[in-house]
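Visitor: I am new to this structure and would like a close look at one part of it. Please begin with a single loop and follow its surroundings from there.

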Amino acid sequence: MAKIYFYYASMNAGKSTTLLQADFNYRERGMQTMLFTAAIDDRFHRGHIASRIGLEASAHAFDPTTDLRAAVAHELANRPLHCVLVDEAQFLTRTQVLQLASVCDQLDIPVLAYGLRTDFRGELFEGSAALLGLADSLVELKAICECGRKATMNLRVDAAGQSVTQGAQTEIGGNDRYVALCRRHFMERTQ
Ligand SMILES: Nc1ncnc2c1ncn2[C@@H]1O[C@H](COP(=O)(O)OP(=O)(O)O)[C@@H](O)[C@H]1O
Ligand SMILES: Cc1cn([C@H]2C[C@H](O)[C@@H](COP(=O)(O)O)O2)c(=O)[nH]c1=O
Ligand SMILES: [Zn+2]
């Protein structure tokens, strides 16, 4: 029976790297995969998964209007699929997470989703909340805070490196805009 796995972490924890390793592992065994990433996250370019360690792969870009169940079914008409992998899963809507549940339960294809648990205020993203509630398996990936503790939080910073505590939930950026910190150091810099 297929399962949904949610690999969650702060930024810079190796989520994209781990996804690309899992994808490689399926493919080196002769199995076929389908990759998705958020269209809005165009740091590399649209529809591309890139890890800081240098691995990269093309992916199907999803936005809130994408029907993931239909996209997978359409692909299945042309080739077998052994795994669906989703990066930037925090940007999924709850409806899309339910579509992934259907991919898993009705189409019997394992789903591996990778994303942030919380935003720069420590609040759950919609996709992450749905995955935390619905996934069969929750796996925490770990980044290291500057103090050596596990970094579970994402501090947003401005161009001068100053903490940002208000603003839109979605703000695309990398190590220039976010710093992964432990809760203690996140609190010290935001309160
Ligand atoms: N040249 C490198 N060699 C080894 N590890 C690296 C290198 N560059 C970045 N990293 C590590 O890769 C991790 C970030 O990987 P990435 O998959 O981009 O993270 P995420 O998707 O969670 O933001 C960090 O732990 C960082 O220290
Ligand atoms: C914390 C936080 C992050 N984001 C954005 C910033 C990046 O574009 C992605 C996460 O990238 P990762 O390195 O692949 O984890 O999410 C955001 O929009 N809002 C936030 O609060
Ligand atoms: Zn710390």
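**From one loop to the ligands**

Guide: Asp 108 sits in the loop that joins helix 3 to strand 7 (111–116); helices (H or I, at least four residues) and strands (E, at least two) are DSSP runs, numbered from the N terminus. The model is a predicted one, in which local features need pLDDT of at least 70, side-chain atom pairs count only at pLDDT 80 or more, totals for chains, interfaces and linings use all residues, and side-chain values use heavy atoms, with hydrogens and water left out. Residues are numbered from 1 along each chain as its sequence is written, while chains are lettered from A and ligands numbered from 1 in the order in which they are written.

The backbone at Asp 108 has a phi near 60°, a positive value in a residue other than glycine. Most residues other than glycine have a negative phi. With a relative accessibility of 48%, Asp 108 counts as partly exposed; buried means under 20% relative accessible area, exposed over 50%, and partly exposed in between, with a 1.4 Å probe and protein chains only.

The two elements that flank this loop can be taken in turn. Asp 105 belongs to helix 3 and counts as exposed because its relative accessibility is 55%. From the C-alpha atom of Asp 105 to that of Gly 122 there are 31 Å, although the two are 17 residues apart along the chain. On the other side of the loop, Tyr 114 is part of strand 7. Tyr 114 is buried, at a relative accessible area of 1%.

Another positive phi occurs at Glu 88, where the value is near 55°; this residue, too, is other than glycine. Glu 88 lies in the loop between strand 6 (83–86) and helix 3 (94–105). Its relative accessible area is 11%, so Glu 88 is buried.

Glu 88 also leads to a ligand. Ligand 2 is surrounded by 20 residues, and the closest are Lys 15, Glu 88, Phe 120, Gln 169 and Glu 171; a residue is near a molecule if one of its heavy atoms lies within 4 Å of it. Some polar contacts (pairs of N or O atoms within 3.5 Å; within protein, one must be able to donate a hydrogen and the other to accept it, and residues adjacent in sequence count only if both atoms are side-chain atoms) can be listed. Gln 90 has a polar side-chain atom 3.5 Å from an oxygen atom of ligand 2. A polar backbone atom of Gly 173 is 3.2 Å from an oxygen atom of ligand 2. An N or O atom in the side chain of Tyr 178 lies 3.4 Å from a nitrogen atom of ligand 2. Taken alone, ligand 2 exposes 490 Å², of which the protein buries 98%; accessible areas come from the Shrake-Rupley method with a 1.4 Å probe, and for residues only the protein chains shown count as cover.

Glu 171, one of the closest residues to ligand 2, lies in the loop between strand 12 (163–164) and strand 13 (178–181). Its relative accessibility is 35%, so Glu 171 counts as partly exposed. Measuring C-alpha to C-alpha, Tyr 114 and Glu 171 are 18 Å apart in space and 57 residues apart in sequence. The C-alpha atoms of Glu 171 and Ala 101 are separated by 27 Å, with their positions 70 residues apart along the chain.

Lys 15, also among the closest residues to ligand 2, is one of the residues around ligand 1, which include Asn 12, Thr 17 and Arg 52. A polar backbone atom of Lys 15 is 2.8 Å from an oxygen atom of ligand 1. Thr 17 places a polar side-chain atom 2.7 Å from an oxygen atom of ligand 1. Ligand 1 exposes 590 Å² when taken alone, and the protein buries 61% of that.
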